[in-house]
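Let's take a friendly walk through this assembly, chain by chain and contact by contact. Have the sequence and the 3D view ready to follow along.

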Amino acid sequence: MEDKLTSTRHRLHLMVCAGTACVSNRSFEIKEALEREIKKQGLAEEVLVVTTGCNGFCERGPLLVVQPGNIFYQQLTLKDIPHLVEEHFLKGRPVEKLMYKPPEGKKPIPVLNEIDFFKKQVLIALRNRGLIDPEKIEDYIARDGYQALVKALTQMTPEEIIEEIKKSGLRGRGGAGFPTGLKWEFVRLASTSNGGLKFVVCNGDEGDPGAFMDRSILEADPHSVIEGMVIGAKAIGAQQGYVYIRNEYPLALKRLTLALQEAREYGLLGENILGTGFNFDIKVARGAGAFVCGEETALLASIEGRLGEPRPRPPYPAQRGLYGHPTCINNVETWANVPVIVSRGADWFSKIGTKTSKGTKVFSLVGKINNTGLVEVPMGITLREIIFEIGGGIPGGKEFKAVQTGGPSGGCIPKEKLDLPIDYESLTEAGSMMGSGGMVVMDEDTCMVDVAKYFLSFTQDESCGKCTPCREGTKAMLDILDRITKGEGTEEDLQLLEDLAVSIKETALCGLGKTAPNPVLTTLRYFRDEYLTHIRDKKCPAHVCRDLNVYTIDEKTCLEVGHGCDVCRRNCVSEAIIGEKNQPHRIVQEKCIKCGVCYDVCKFGAVKVE
Amino acid sequence: MSQQAFEPKLVGFLCNWCSYTGADLAGTARMTYAPNLRIIRVMCSGRVDPQFVLKAFQEGADGVLISGCHPGDCHYQEGNYKALRRHRLLSKMLEQFGIEKERFRLEWVSAAEGAKFQKVCNEFTEQIRHLGPLSWNGGKKNE
Amino acid sequence: MIQITIDGKKLEVEEGTTILQAAEKAEIHIPTLCYHPLLEPYASCRVCVVEVNRQGKKELVTSCNTQVQPGMVIETQSERALRARKLNVEMLLARAPAAKPVQKIALELGIEKPRFEIKDPDRKCILCGLCVRTCEQVVGANAISFINRGQEREVSPPFGEPSEACIGCTACAYFCPTEAITFEDIHDRKVIHDELYLGPSTAIRVPVRQAVPMVPFIDEDNCIHFKTGNCQLCVKVCEKEAINHEMKEEEIEIEVGSIILASGFKSFDAYRIPAYGYGRFPNVITALEFERLVNASGPTGGKILLANGEEPKAVGIIHCVGSRDENYNEYCSRVCCMYSLKFAHLIKEKTEADIYDFYIDMRCFGKGYEEFYHRLLHEGTKFIRGRVSEITDIPLTEEEDGKLIIRVEDTLIGTVRRIPVDMVILATGLEPGLSHSELAHTFNISCSQDTFFLERHPKLAPVSTFSDGIFLAGTCQAPKDIPDTVAQAGAAASEALALADKGSFELEPITAEIDEKLCAGCQICVSLCPFSAITYNKEKHISEVNEALCKGCGTCVAACPSGAAQQKHFRDIQIMAEIEGIFID
């Protein structure tokens, strides 16, 4: 213990982000280079390099935060390191050129908190991000970790814990937003004639494309989830917990397993936790990556080793869950919120957010946006604030078109609704949903029919096939969308598409099917014109649907500006372009396969697309 | 006395349940068989005391037939086996007395075997007729 | 009890009732595909959706798994429910156009042709999961499951190979509503008349029609419960709770005063006469098979059909199969003539077929029998006197093509004839029943030459046997028809009752006795007595006979070396006198 705590003696702590995004940008090599350089400069006694979980600003990785001072370095490369070490850590002169510069090209911002991306964030679930080494329980404890557990186990009755959670207004962060305290109460009160067992389960089967909140939490702060689960177990009277985590998250898996090991060694897990006589342990169940296993009943079936498909509810897992016993199943982010509520109190927590939705929500901000990354914002913040202030707006000066929230199950929200304050109800009203927190930003170059088709093809592919509407309906819808993007759609198709979407939403068995039509429904609602253009004019306004594009060469531009450079002809795979060097070129439409290569290679803008 | 004129005198000890009924069946079925056999009914072939056989020969019988149920079918479970054993021993003794063993016969005739009884009866009569009269002077003839 | 409203009807149902069950109670039809009352709701087909109003919130729910709530207002035919139901059925129809139940519901809902892509017009499987759930929940074998997901989902055993877990019970096929799983796929069964199966079809059945008592039993060899320990569906559906799988066969000893043997007969095995082609030609059937075929509860519902499902144009009935034949049984089976006449009459009644009746002699001996024969003669049945020599399917003329040809010597016109027919019924005779000789041995009774049980006396004691207290009734004694059997059974019953009524038993006065004075106590008799009726008296040093046990065989008497043992009425002296008497000319 003594040895482990020596880190406090160092003058500087270099927090190297080791989230998946930064790791793939070689942050481990950066870390090694830093250590090498520091040793070389003889600073080993003064400067300590720490690997942390995901910082959130993934767009700018690999990242380094220097503590104290909160100096933020970004997009580091190996050759920057000697200079950085010498200038900053040895000579005390922060290196400006490695700091973050806002898109408008203003002065670099040295301090993390002052960067727009971080400024508006409120960190609860991600409270320890960038501040601790996720592989060291001591770091977590040093940040008041497991304080809430001590409080819950020694000073509170299970009823009091549940009451606190209820009072906090915490709702499930997995998407549906069911009040967590209420769920706990159900499980606590559920009859356990069947052997008296109860379970808590952490749903870490994050499958939405473009979403990585759960992964980041598990990678950056696994103990917060463990602590939340132990508190939950105490509250409902469970003896065994499971974390269901997909096998595609090897880093999260590794860190979680390590964290569980550490927690057991510290007596925070296992038998007689903290000497209170309470027994509880957590097992890790690995998922094979089926999207439907994020649905709670399918997830439980998967843990049991059965076919991962949902079953009708009721009975709810709270009544009959894992192996037939009452089970409390919450999402990673929900569990991570629990310790904070217990230690800081429900009143503090419920001050954040809106009337119906309390606290914060983590979003993964991706798509056509400057600051891609993970953000935790208070409920009630507007989309505009997230996208334009935190996210830094749309790159390339393009026009914002829509934002898709809630993953493939969510909907697309248009420009007009940018000032929508985000909470569970408002998003549902807008035709989308909170979901687990995916947020895909789209600019003017996006075809909304294509977007709907993309998300639908995902859900169609991931449908388990159990119920008719989801299995057959999503395929039927996809077929129609396919026809529309090929210019073969009719207006009757549009009606059928809408009928199908409504019917699937109303009659599908599980959440996957019920929400699968959302992208179609919202795009139909907000971008119906685009569909009609596809159908009536056989045109794709964003030129994304290639089958509808017509490529032509403006002979004047070709000759006068490009001097008939012949690049397009040489690159055309289907030999559809005729013309000689120094002569204007022409596309033979019958031969054109609409691959768009000529458009891409023409430096003079002579190739037009309609 | 010519051979043809010789009518053998035969004594038959028939068990009540099988052979006697078999004989009865032969009768009710109107089967004709040699009238030479004189039947004495006993409840079981196991009741036939060797003395009865000797007595029959002594009294002038030319042949003695013991007939009982087929093995396993005895109304008294195993009386016919006893009869079988006694027949073996007695046959040997009779030979020593000079009486041909053919004259002492054991047959299994069931209640259903009217025809077999007829056949046994006819055969035995012919056989004894062929052997000729038994001139045994161990009996009354000397007195 | 909960108050609900379905389609405007007010209803009171028990708590825990599903909407579907409540609708059934209200006689409102909700179509379903994946629902089965004996399996847990699966709610996958989404055809049973209805619109409910719960505290002002209107939503679509599946009726098969949604339980009613107080004050629930349910609309099974609302526009919204119908639209969703219709779309779901339309999608299923596109998936499995050959599935009959889907076609039926589609017709009801007015769907003519699905608007969606049909991949396989012959597909029947609608992925309702009844087979998978049956295998899991009922059979407990878990031999099949779903593989792949989404559009590619299908039912399969592990790795698509025949599974060792499969017990071949065919329950999956039984539960399959679309015939996507068929018997032939799974198990080799004798198939007759298209898709109807002859023979035991379920593990619970009445041993025979008209069985007495009319009580079903569980066939342990075919019952799933005895293979996997699961199922017990019968227990679930039996309201009287009359089924107990724990029951074991047990031997019960009952003390009785008398026994009536009525062990019946077995039908002559027609395979024994190869010339008649039974087993080779599917349309050569025995009398009992025809009886089953013509029975209204039989496999064809009483229709007389050939193996190919067509009605026969000519039928031959052959008498005396296995009877009155030196090669098989010499006796007349007595009933065949009359039942053959009955068959001829039934065939005449139900079909247009020509009927040929091949007989040796018509034996219409009973009351009203001869008159029935005459009626048949007038009805046009063709009677041919002569024993059939052969049945063949090798035609000599065009007319005989595809027919069964009966070769027979018509003794009335003195020529050999070939008669082409479609179906031949063999009037098989009667033979003693199964384990007949074992029974004879057990009860120590005799069999007559035809191997039927032998009565004590054909005229004077026709129902008694040589064993006291054991009586005969029915065809175990000799072939006889039903009236005769009933009469004989009545007689046997009265004999048995008379014995019981008397309360005492008369012993034959032929028991053995031992003269105390002569007995030397050698105990030879003790070991010989098969009934243990003789015991040795140690005090008196003599053997003594227990007269109640003595059956009077006289074995002991014959063996007694001292002449102390004597049998009443069969004393040595009496028999000696008899012998002497024989020779007094």
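## A buried aspartate in chain B

A residue counts as buried if 20 or more other C-beta atoms lie within 10 Å of its own. Please keep in mind that this is a predicted model. With that cut-off in hand, have a look at D49(B): 21 other C-beta atoms lie within 10 Å, so D49(B) is buried.

Where along the chain is D49(B) found? Its place is the loop that runs between β2 (37–42) and α2 (50–59) of chain B. Within chain B, D49(B) and A83(B) are separated by 34 residues in sequence, while their C-alpha atoms are 8.8 Å apart in space. Setting aside residues up to four places away in sequence, D49(B) touches A558(C) and D572(C).

## The build of chain B

Chain B contains four helices and four strands. Following the sequence, you will meet them in the pattern β-α-β-α-β-α-β-α.

Of the 143 residues in this chain, 52% are buried. Among the contacts of chain B with a separation of 6 or more, 80% link residues that are 24 or more positions apart.

## Where chain B meets chain C

The contact between these two chains involves 28 residues of chain B and 26 residues of chain C. On the chain B side, the elements that contribute two or more residues are β2, α2 and α3 (79–97). Of these, α2(B) gives the most, with four residues.

Sorted by class, the side of chain B that touches chain C has 13 nonpolar, six polar and nine charged residues.

## Where chain A meets chain C

Here 24 residues of chain A are in contact with 27 residues of chain C. Three helices of chain A each give two or more residues to the side touching chain C: α17 (448–462), α18 (468–485) and α19 (491–507). The most come from α18(A), which supplies eight residues.

By class, this side of chain A divides into nine nonpolar, seven polar and eight charged residues.

## An open sheet in chain C

Chain C holds an open sheet of three strands in the order β18-β19-β20, with antiparallel pairing. What is left without a neighbour in this sheet? The strands β18 (388–392) and β20 (415–421) of chain C stand at the edges with a single partner strand each, so one side of each has no neighbour in the sheet. On average, and ignoring direction, neighbouring strands of this sheet are turned by 20° against each other.

In general, the strands of a sheet pair through backbone hydrogen bonds, either parallel or antiparallel. Strand β19 (residues 404–410) of chain C is joined to β20(C) by seven bridges, and the two run antiparallel. If you would like a pair to look for, I405(C) stands opposite P420(C) in β20(C).

## Two nonpolar cores

In soluble globular proteins, nonpolar side chains tend to be buried together. The largest nonpolar core in this model has 238 residues, and those with the most contacts inside it are V16(A), M477(A), V102(C) and C131(C). Leaving out neighbours within four places in sequence, C131(C) is in contact with I144(C), V155(C), C172(C), F175(C), C176(C) and I181(C).

A second core, separate from that one, has 81 residues. Its members include I99(B) and I128(B) from chain B, along with C529(C) and I579(C) from chain C.

Technical notes: Residues are numbered from 1 along each chain as its sequence is written. Chains are lettered from A and ligands numbered from 1 in the order in which they are written. This is a predicted model: local features need pLDDT of at least 70, side-chain atom pairs count only at pLDDT 80 or more; totals for chains, interfaces and linings use all residues. A residue is buried if 20 or more other C-beta atoms lie within 10 Å of its own, exposed if 12 or fewer, and partly exposed in between; C-beta atoms are placed from the backbone. Two residues are in contact if their C-beta atoms, placed from the backbone, lie within 7 Å. Two strands pair if DSSP finds at least two bridges between them. Axes are lines fitted to C-alpha atoms, for helices over the stretch in contact, and angles run from 0 to 180 degrees between N-to-C directions. A nonpolar core is a set of buried Ala, Val, Leu, Ile, Met, Phe, Trp, Tyr and Cys residues joined through C-beta atoms within 7 Å. Ala, Val, Leu, Ile, Met, Phe, Trp, Tyr, Cys and Pro count as nonpolar, Asp, Glu, Lys and Arg as charged, and the others, Gly among them, as polar.
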